[in-house]
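User: Please take a close look at one helix-to-helix contact in this model. Start with the confidence, then put the contact in context.

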Amino acid sequence: MSETREHTEHTARPGSGTDGRHLVAVLALPGFPPFELGIPSRVFGSAVGEDGEGLYEVVVCTADGAPVLSDSGFTLQPAAGPEVLAAADTVIVPPTHAMPELALGGPLPPAVAAAIARIRPGTRLVSICTGSYVLAAAGLLDDRPATTHWNLAREFRRAYPRVRIDEDVLFVDDGDVLTSAGVSAGVDLCLHMIRRDHGVAVTNRAARMCVVPPWRDGGQAQYIDRPVPEPTVATTTATRAWALERLAEPVTLGELAAHARMSLRTFTRRFRDEVGMTPVQWLTAQRLELARHLLESSDLPVDLVAHRAGFGSANSLRQHMRSTLGVSPIAYRRTFQPASA
């Protein structure tokens with residue numbers, strides 16, 4: 001999918017937190033934005049099993065255990081110091097607006113470097129927005145794909161040329177290292193991790209509790225500054241909704257343009273401006289998302305899943321899943337439905 005580069009892996013297992021819950025440590029750095037810092041607690045705190053038990057324990061810590069000042073003028077008293085980083089199953093680094101030296105490729109402050117050094121090998125590492133600068137400065141993103149806020153991509157490339165930055169996506173999943181774009185993309189990434197750990201049903205429940213969509217199509221391109229169209233200019237929103245109701249059918253680009261009452265050229269240009277990808281790319285992404293949902297939540301044969309998702313044949317679905325996710329439909333189902341293996 002164009003909005004994410006993804007490594008699908010089932011990681012639900014007894015964690016290091018209370019009662020075996022997956023322990024998520026959130027590293028609060030000086031100058032943190034309150035919204036981004038609160039995302040992990042809110043989203044992971046909404047992830048519960050069928051009997052209502054919490055699946056994650058989220059602990060906010062600082063590099064030295066001392067209070068830190070936010071960029072909004074209040075001071076945060078952390079629940080823990082850097083020792084929790086050594087025990088965590090996942091470590092999340094929200095952005096900071098108080099380390100300008102990182103934008104120039106400068107070193108991490110000694111206390112922050114020492115705190116990150118405590119993280120044990122195999123821990124899942126995550127950044128939200130410019131938290132990517134912290135991971136990059138620690139050398140943890142070298143030669144790996146990553147993302148950050150689109151407005152800082154050029155600066156990031158200059159500071160960290162070894163990182164394969166992609167500003168067009170909402171998040172990047174590179175297995176044990178995950179990075180997100182700005183602000184609300186952190187919500188998308190946290191929901192993605194819940195999905196990776198526990199499947200679609202748990203994720204949907206968490207998303208409903210947070211009153212957010214469990215999945216957003218498109219990438220950062222749809223949020224990059226562009227001239228705002230006149231209110232009278234037609235959009236592709238209605239056509240996208242129309243297409244979503246017909247994913248099993250062989251909808252053509254010409255039919256999409258005709259529904260929107262635009263020429264092919266105008267429709268394609270406007271669609272890309274609004275969504276951040278071509279109509280064909282978007283349609284394929286939606287079909288793949290439907291196929292994933294069916295593989296996770298049903299026992300339908302793979303060829304029937306392919307038909308209902310609009311891929312036509314199991315072989316076509318297999319090719320799309322291997323090229324996008326790196327796994328076959330059967331392997332994907334085995335990941336999210338271990339009992340079906």
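Analyst: Residues 1-12 have pLDDT under 50 throughout; pLDDT is the predictor's confidence in each residue, from 0 to 100. The model still gives residues 1-12 50 contacts beyond four places in sequence, a contact being heavy atoms within 4.5 Å. Residues 222-232 are also below 50, with 12 contacts beyond near neighbours in sequence. The mean pLDDT of the protein is 88, and 89% of its residues reach 70 or more.

This is a predicted model, so local features need pLDDT of at least 70 and side-chain atom pairs 80 or more, while totals for chains, interfaces and linings use all residues. Numbering starts from 1 along each chain as its sequence is written, and side-chain values use heavy atoms, without hydrogens or water.

Now the contact. Helix H9 spans residues 253-260 and helix H10 residues 264-275. Helices are DSSP runs of H or I, at least four residues, numbered from the N terminus. The two axes lie 9 Å apart, at about 85°. Each axis is a line fitted to C-alpha atoms over the stretch in contact, and angles run from 0 to 180 degrees between N-to-C directions. H9 and H10 are therefore roughly perpendicular, the term for 65 to 115 degrees.

H9 contributes Leu-253, Gly-254, Leu-256, Ala-257 and Ala-260. H10 contributes Leu-264, Phe-267 and Thr-268. By class, that is six nonpolar residues, two polar and no charged. Nonpolar covers Ala, Val, Leu, Ile, Met, Phe, Trp, Tyr, Cys and Pro; charged covers Asp, Glu, Lys and Arg; the others, Gly among them, are polar.

Notes. Helix = DSSP H or I, 4+ residues; strand = E, 2+ residues; numbered from the N terminus. Parallel < 35°, antiparallel > 145°, perpendicular 65-115°, else oblique.
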